[in-house]
Amino acid sequence: MGFAWLWPGRRAAAISWALLTATRTPRARPALVAVGPAHELPAALLPALIAVQTLSTDDRWVVDARAAGVGAAIVAAWRRAPFPVVILLGAAVTAGLRAAA
């Protein structure tokens, strides 16, 4: 018997999908408007999260090779280096300082 019984269902699904997409009219989406300071919250939380993850170990603050790597990545991003270069530079500086220590 095989899978021949699947073909009518697939054909019907393909036809119905084609009809739905061909007859659908695009709806106008309302523009999202950020109200108040809530739209700035993610931009403020990301640097705070990076600082906490970079400069803390357990319950104390530590400045080590991670801080230098993040600093190098920040400088590279500020100088508008491509994103892979920013990541690789930060990793290279961190690894270099850890190897030297």
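On one side of helix 4, P84, L88, A99 and A100 are exposed. In this predicted model, V86, G90 and T94 of helix 4 are buried. These three residues cover an arc of only 55 degrees around the axis, which puts them on the same side of helix 4. The exposed set P84, L88, A99 and A100 lies on the other side. Helix 4 spans residues 83-100 and has 18 residues. From its first C-alpha to its last, helix 4 reaches 26 Å, close to the 26 Å expected at 1.5 Å a residue. The cover over the buried residues of helix 4 includes helix 3 (65-78).

T94 illustrates the buried side of helix 4. The residue is found in helix 4. Its relative accessible area is 14%. The cut-off for a buried residue is under 20%, so T94 is buried at 14%. A polar atom of the T94 side chain lies 2.9 Å from the backbone oxygen of G90. G90 is itself one of the buried residues of helix 4. With neighbours within four places in sequence left aside, T94 is in contact with A65, R66 and G69. Two of these partners, A65 and G69, appear among the buried residues of helix 3.

Helix 3 has 14 residues. Its reach from first C-alpha to last is 20 Å, close to the 20 Å expected at 1.5 Å a residue. The buried residues of helix 3 are A65, A67, G69, A72, A73 and A76. Their cover includes helix 2 (41-55) and helix 4. Helix 4 thus appears in the cover of helix 3, and helix 3 appears in the cover of helix 4.

The end of helix 3 leads to a backbone feature. Just after helix 3, R80 takes a positive phi of about 60 degrees. R80 has this positive phi although it is not a glycine. R80 lies in the loop between helix 3 and helix 4. At 77% relative accessibility, R80 counts as exposed. Its sequence neighbour R79 takes part in a charge-ring arrangement: R79 lies over the face of W78, at 5.8 Å from the ring centre. Aromatic pairs, by contrast, number 0 in the structure.

A second positive phi occurs at D58, where the angle is near 55 degrees. D58, too, is a residue other than glycine. It lies in the loop between strand 1 and strand 2 (60-61). D58 counts as exposed, at 71% relative accessibility.

Strand 1 (residues 56-57) contains S56. With a relative accessible area of 21%, S56 is partly exposed. The side chain of S56 reaches the backbone oxygen of V52 at 2.4 Å. Residues up to four places away in sequence are not counted in its contact list, which holds A51, W61, V62 and R66. The C-alpha atoms of S56 and A67 are separated by 10.0 Å. These two residues stand 11 residues apart along the chain. A67 is one of the buried residues of helix 3.

T54 belongs to helix 2. At 10% relative accessibility, T54 counts as buried. Leaving aside neighbours within four places in sequence, T54 is in contact with V62, D64, R66, A67 and V70. A67 is again among the buried residues of helix 3. V62 and R66 also occur in the contact list of S56. R66 is in addition a contact of T94 in helix 4.

At the level of the whole protein, there are 4 helices and 2 strands. Along the sequence, these elements follow the pattern α-α-β-β-α-α. Buried residues make up 11% of the 101 residues. Among contacts with a separation of 6 or more, residues 24 or more positions apart account for 27%.

Methods
Residues are numbered from 1 along each chain as its sequence is written. This is a predicted model: local features need pLDDT of at least 70, side-chain atom pairs count only at pLDDT 80 or more; totals for chains, interfaces and linings use all residues. Side-chain values use heavy atoms; hydrogens and water are left out. The expected span of a helix is 1.5 Å times one less than its number of residues. Buried means under 20% relative accessible area, exposed over 50%, partly exposed in between (1.4 Å probe, protein chains only). The arc is that of the directions from the helix axis to the C-beta atoms. Contact means heavy atoms within 4.5 Å. A polar contact is a pair of N or O atoms within 3.5 Å; within protein, one must be able to donate a hydrogen and the other to accept it, and residues adjacent in sequence count only if both atoms are side-chain atoms. Rings of Phe, Tyr and Trp (its six-membered ring) pair if their centres lie within 6.5 Å; planes under 30 degrees apart count as stacked, over 60 as edge-to-face and the rest as tilted. A charge sits over a ring if NZ of Lys or CZ of Arg is within 6 Å of the ring centre and within 35 degrees of the ring normal.
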